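Please open the structure in your viewer and keep the selection tool handy. We will go from stop to stop, and each one tells you what to pick next.

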Amino acid sequence: KKKIAVMTSGGDSQGMCAAVRAVVRAGIFYECDVFACFEGYSGLVKGGNLLRKLGWEDVRGWTSLGGTLIGTARCMEFKERSGRLSAAYNMVTNGIDALIVCGGDGSLTGADLFRSEWPSLLEELYEQQKLAKFQIEKYKTLKIVGLVGSIDNDMACTDATIGAYSSLERICEMVDYIDATAESHSRAFVVEVMGRHCGWLGLMAGIATGADAIFIPERPPEVGKWKDDLKTVCKRHREKGRRKTVVIVSEGAIDRELNAITSDAVKDVLVEMGLDTRTTILGHVQRGGTAVAFDRMLATLQGVDAVKAVLEMTPDTPSPMIGILESKIVRQPLVRAVELTKSVATAIANKDFDKAISLRDSTFLE
Ligand code: ATP
């Protein structure tokens with residue numbers, strides 16, 4: 001029987017449980033054994049009870065849940081070859097040669113590295129007399145499939161990552177709450193949302209709640225001038241009869257010289273305008289709550305396709321990342337998606353903001 005391991009890694013997101021459920025059940029449907037690798041890569045590195053088979057019933061009711069019930073972690077050991085050696089050992093001794101990783105670009109980079117090193121890791125384990133010759137022959141290829149679990153919607157080659165729409169929904173609910181009190185007292189609010197390199201949450205939340213202004217990393221305003229522009233916009237809105245002012249700031253917001261635009265700095269500008277201003281940093285509630293219908297659907301369809309991709313892969317197939325483009329579940333080369341994602345951060349660091357936007361595949365940013 002083919003054995004597949006599934007893990008969640010990096011920051012948690014709503015819909016990760018639904019993805020694990022889909023992998024487990026699709027795996028069982030296609031007559032595979034599915035192992036959960038608990039606590040991200042730590043489960044592979046440590047093995048034992050952290051790497052165990054899940055049955056159909058084990059994932060009952062997981063579709064709607066937030067977070068990840070198989071745990072996630074930042075595993076430093078896996079970044080070292082010694083950690084990856086013990087991960088390879090634990091996989092082979094459990095008879096597993098396929099891994100479905102649900103995480104962000106870091107997690108998928110680690111997965112790709114693991115695959116590229118696979119034969120040499122096994123040979124080293126053979127030299128150390130930890131594995132037998134027949135095991136090296138039997139498990140000589142490793143299959144890796146990536147699912148993108150991230151609230152930030154920061155991965156290239158896919159329109160949506162698992163969790164992004166749930167997080168957006170949470171932010172919008174919170175801004176709606178804030179709106180009511182802001183309007184009552186005629187106050188201004190600065191709302192800080194997650195997104196260190198990616199402004200998708202901030203931009204979409206701003207559009208969906210009708211914010212006065214939005215600050216995101218990919219569209220930085222001119223140094224200093226943004227303060228006057230912000231005042232002009234907010235003043236105009238007030239003059240038209242708006243009783244509240246709401247400004248959304250991504251945690252990674254910057255100006256064109258890469259200086260951070262913090263929620264405090266934005267607050268100072270609003271205070272200078274004479275507005276009674278409060279700041280709300282939404283923080284981890286953005287990861288909370290149940291998954292919205294879209295994420296449940298996305299995680300389920302992608303989880304099923306991840307299992308199919310494992311079963312259809314040949315040793316020459318580049319590792320796929322399951323994405324969604326124009327409403328179709330698609331397989332994309334994982335390495336290219338990760339490289340493109342990283343090149344956005346590089347473009348921003350080089351102040352090439354037009355390039356950053358074009359790399360995002362997101363026409364709405366233009
Ligand atoms: P998020 O988008 O939420 O930050 P992520 O998957 O990018 O998610 P990381 O913390 O970058 O989160 O990576 C998660 C884990 O993946 C790391 O703790 C490590 O175990 C593994 N990993 C990341 N990068 C590498 C790498 N270059 N080599 C090996 N393993 C890696």
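How are H4 and H11 oriented to each other? Keep in mind as you look that this is a predicted model.

**First stop: H4 and H11**

Select helix H4, residues 105–127, and then helix H11, residues 334–349. The two helices pack at an angle of about 140 degrees, and their axes are 10 Å apart. Angles over 145 degrees would count as roughly antiparallel, so H4 and H11 are oblique to each other. Their crossing is left-handed.

Now show the side chains at the contact. From H4, pick Asp-105, Leu-108, Thr-109 and Asp-112; these meet Leu-334, Val-335, Val-338, Thr-341 and Lys-342 of H11. Coloured by character, the residues of this contact divide into 4 nonpolar, 2 polar and 3 charged.

Stay on H11 and click Ser-343, which belongs to this helix. Ser-343 has 16 other C-beta atoms within 10 Å, so it is partly exposed. Add Ala-356 to the selection: 13 residues separate it from Ser-343 in sequence, and the C-alpha to C-alpha distance is 7.7 Å.

**Second stop: H6 and H7**

Next, select helix H6 (residues 164–185) together with helix H7 (residues 200–209). Their axes come within 9 Å and cross at roughly 45 degrees, which means that H6 is oblique to H7. The crossing here is right-handed.

To see the contact, select Ala-164, Ser-167, Leu-168, Ile-171, Cys-172, Val-175 and Asp-176 on H6, then Trp-200, Leu-201, Met-204, Ala-205, Ala-208 and Thr-209 on H7. By character, the residues of this contact comprise 10 nonpolar, 2 polar and 1 charged.

**Third stop: Asp-152**

Which residue does the UniProt annotation "active site" cover? In the unreviewed UniProt entry, it is Asp-152. Look for Asp-152 in the loop between strand S5 (143–148) and H6. Is Asp-152 buried or exposed? Asp-152 counts as buried because 25 C-beta neighbours lie inside 10 Å.

Leaving aside residues up to four places away in sequence, Asp-152 touches Ala-164, Met-194, Gly-195, Cys-198, Trp-200 and Leu-201. Some of these will still be highlighted from the previous stop: Ala-164, Trp-200 and Leu-201 take part in the contact of H6 with H7.

**Fourth stop: Phe-215**

Move to strand S7, residues 213–215, and click Phe-215. Phe-215 has 29 other C-beta atoms within 10 Å, so it is buried. Beyond residues up to four places away in sequence, its contacts are Val-249, Ser-250, Ala-253, Ile-261 and Val-266. Add Gly-202 as well: it is 13 residues from Phe-215 along the chain, with 7.4 Å between their C-alpha atoms.

**Last stop: two loops with positive phi**

Most residues other than glycine have a negative phi. With that in mind, select Leu-258, in the loop between strand S8 (245–250) and helix H9 (263–272). Phi of Leu-258 is near 70 degrees, a positive value. Leu-258 is partly exposed, because 13 other C-beta atoms lie within 10 Å.

Finish with Glu-326, in the loop between strand S10 (320–325) and strand S11 (328–333). Glu-326 is not a glycine either, yet it has a positive phi of about 50 degrees. With 6 C-beta neighbours inside 10 Å, Glu-326 counts as exposed.

Terms used:
Residues numbered from 1 in each chain as written. Predicted model: local features only at pLDDT ≥ 70, side-chain atom pairs only at ≥ 80, totals over all residues. Axes fitted to C-alpha atoms, helices over the stretch in contact; angles between N-to-C directions. Helix = DSSP H or I, 4+ residues; strand = E, 2+ residues; numbered from the N terminus. Parallel < 35°, antiparallel > 145°, perpendicular 65-115°, else oblique. Left-handed = near helix turned anticlockwise from the far one by under 90°. Contact = placed C-beta atoms within 7 Å. Nonpolar A, V, L, I, M, F, W, Y, C, P; charged D, E, K, R; others polar. UniProt positions renumbered as here; feature names shortened; annotations may be inferred. Buried ≥ 20, exposed ≤ 12 C-beta atoms within 10 Å, placed from the backbone.
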